Amino acid sequence: MSRYCAMVRRLGYVSALLGMVAISGLSMAQTDSSMSLREAREAAQVRDQQRLMGFLDDQQALEAALEQARAEHEDAQQQYEALQAQQAEQALQASELTERQAEQGEALSGLLASLARHSSELRNALGVESLLTLSEDALPPRLDDVEVLERYQLEDVVDRLAALTASTGRAERLTLPVADANGEVEPQELVRLGDFAAFTERALLERGDDGGLAVLPRTPQEIGALLPDYYQGESRVFAVDPTQGSVLRALAQRPSLWERFHQGGYVGYVVVALGILGMIVGLGQYLYLVLVSVRVNRQRQSLNQLQANNPLGRVLLRFEGMDKHQTPEALEARLDEAVLAELPRLERSQPIVKLLAAIAPLLGLLGTVTGMIVTFQAITVFGTGDPQLMAGGISQALVTTVLGLITAVPLLFVQTALAGRSRYLTHVIEGQASATLADHLESHSSAPTPVDTPVVN
């Protein structure tokens, strides 16, 4: 009877365990399938009854189930004890940390806060723009999440700050990936001068948006001339931007002379074309006058051998071919006519040069008005929020004025030189012609007049 009671108790214990297993199985089935709670309970009861009947019929299966239940219980007990031990260990560590933090006191806590603040400020200030942060371990670590300051952390911050300070005054040769103007990234050897400049042999470098190095879109010509010698170690002269990029960007955006010329637009093209035409015409005429001056000077030295390749020789040859028995007034008028016939050749091209010198500033003013109209149209459409939208019209307005003045000033000089040279030649020809006429009149006035003798029949 007692054996039967014991068997019943064991069966009750087993059925309880099976119930727990069924409940766990039910919960798993409830989450994994769409079976309703009632269907799952009924299926569990049927399954438990079947297993219970199987245990009643099989004594060995009942004993195996009990052994398995005891083993699972012991495993659960061991896990519980391990968790209790881990909790106790963590509590002990927390207590030790609290004691160490209390031992550090307010001084070390303040030091930790100061280091964390300065480290964050330095990382935010340098970021991906500074040339000192090309390597990943250049900046000090963040200490915002550190609760207790360790010795290695303090040494790490100090060492990295010292390395950054030393790098600001050091010229280093590095090999790093560099993006060229086409966006292709290739390792290149470069020179870094502290936090002021980084450059290859031909171009300056800058930090890109992604933190990498890229070739500056345009290296200023003044600095580009210094790069090869400094890069190769042949010179120690280099231009450094103390503003760390502001001056370089301004110089890089400065347009070249050719770009300035294109900013003038069609009006600028016309002004420059007229200026070139005027200079060609004026210089050609000036060279002609210089050649004429040389020939006139040679003719003055040899008046007994008149030549027709110069204005003075042609005037004197024409005077020699005149009828010398005319009155002095008639001879002088004929000689003035010969001199005036030579003036158009000497004064040609002066009117057109003078005209172009007067038109160039007017065309520049026209370009200025046109550029201001474009500027006001941009203001009407887009407002005054973005100055770059007005830059095109303002550039045209200013550049055309400058081109007009630059064209007019040389043309005025050329016109003045032509007028002076032609006036000098005119005076020389008129003076020599007047001297020749005077010599002729004096020679005829000093000659004895013939005496009329009566004719004797």
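A nonpolar core is a set of buried Ala, Val, Leu, Ile, Met, Phe, Trp, Tyr and Cys residues joined through side-chain atoms within 4.5 Å. The legends below describe close-up views of a predicted model.

**View 1. The largest nonpolar core of the predicted model comprises 26 residues.** The residues with the most contacts inside this core are Val296, Val315, Leu335, Leu346, Leu425 and Ile429. At least two residues of the core are supplied by each of helix H9 (265-301), H10, H11, helix H12 (350-382) and helix H13 (388-446). Helix H13 provides the largest share, with 8 residues.

**View 2. Leu335 is shown with the residues it touches.** Which residues does Leu335 touch, if those up to four places away in sequence are not counted? They are Val315, Phe319, Met322, Ala433, Ser434 and Leu437. Leu335 and Val315 are both among the residues with the most contacts inside the largest nonpolar core.

**View 3. A second core is separate from the largest one.** This second core has 11 residues. Among them are Phe199, Leu204, Tyr231 and Phe238.

**View 4. Five strands form an open sheet with mixed pairing.** Strands of a sheet pair through backbone hydrogen bonds, either parallel or antiparallel. In this sheet, the strands follow the order S3-S2-S1-S5-S4. Strand S3 (197-199) and strand S4 (205-207) are the edge strands, and each pairs on one side only. On average, neighbouring strands of the sheet are turned by 50 degrees against each other, direction ignored.

**View 5. Strands S1 and S2 run antiparallel and are joined by 9 bridges.** Strand S1 covers residues 171-179, and strand S2 covers residues 185-193. Within this pairing, Glu172 of S1 stands opposite Arg192 in S2. The hairpin of S1 and S2 has 5 residues between the strands. In this hairpin, Gly183 takes a positive phi near 90 degrees.

**View 6. Strand S5 is paired with both S1 and S4.** How do S1 and S5 run, parallel or antiparallel? Strand S1 and strand S5 (residues 213-215) run parallel and are joined by 2 bridges. Ala179 has Ala214 as its bridge partner in S5. Strands S4 and S5, by contrast, run antiparallel, with 3 bridges between them. In this second pairing, Arg207 stands opposite Leu213 in S5.

**View 7. A salt bridge joins the side chains of Glu172 and Arg192.** The N to O distance of this salt bridge is 2.1 Å. Glu172 lies in strand S1 and Arg192 in strand S2, so the pair ties together parts that are 20 residues apart in sequence. Are these two residues buried or exposed? Glu172 counts as buried because its relative accessibility is 19%, and residues under 20% are counted as buried. Arg192 also counts as buried, at 6% relative accessibility. Salt bridges that share partners join Arg170, Glu172 and Arg192 into one network.

**View 8. Arg173 and Glu189 form another salt bridge between S1 and S2.** The side chains of this pair meet at 3.6 Å, N to O. Arg173 belongs to strand S1 and Glu189 to strand S2, so the pair ties together parts that are 16 residues apart in sequence. Arg173 counts as partly exposed, at 45% relative accessibility. Glu189 is likewise partly exposed, with a relative accessible area of 38%.

**View 9. A salt bridge between Glu337 and Arg318 links two helices.** The closest N and O atoms of Glu337 and Arg318 are 3.6 Å apart. Glu337 lies in helix H11 (residues 328-347) and Arg318 in helix H10 (residues 311-320), so that the pair links distant parts of the chain, 19 residues apart. Glu337 counts as partly exposed at 37% relative accessibility, and Arg318 is partly exposed with a relative accessible area of 39%. Helices H10 and H11 also each supply at least two residues of the largest nonpolar core.

**View 10. The surroundings of the close-up views are given by the whole protein chain, with 13 helices and 5 strands.** The structure holds 8 salt bridges. Of the 457 residues of the chain, 29% count as buried. Among contacts between residues at least 6 apart in sequence, 61% join residues at least 24 apart. The chain exposes about 30,000 Å², of which carbon and sulfur atoms supply 57%.

Notes: Residues numbered from 1 in each chain as written. Predicted model: local features only at pLDDT ≥ 70, side-chain atom pairs only at ≥ 80, totals over all residues. Heavy atoms only, no water. Salt bridge = Lys/Arg side-chain N within 4 Å of Asp/Glu carboxyl O. Helix = DSSP H or I, 4+ residues; strand = E, 2+ residues; numbered from the N terminus. Buried < 20%, exposed > 50% of the residue type's maximum accessible area, 1.4 Å probe, protein only. Pairing = 2+ DSSP bridges. Axes fitted to C-alpha atoms, helices over the stretch in contact; angles between N-to-C directions. Contact = heavy atoms within 4.5 Å. Areas by Shrake-Rupley, 256 points an atom, 1.4 Å probe, with all protein chains shown as cover.
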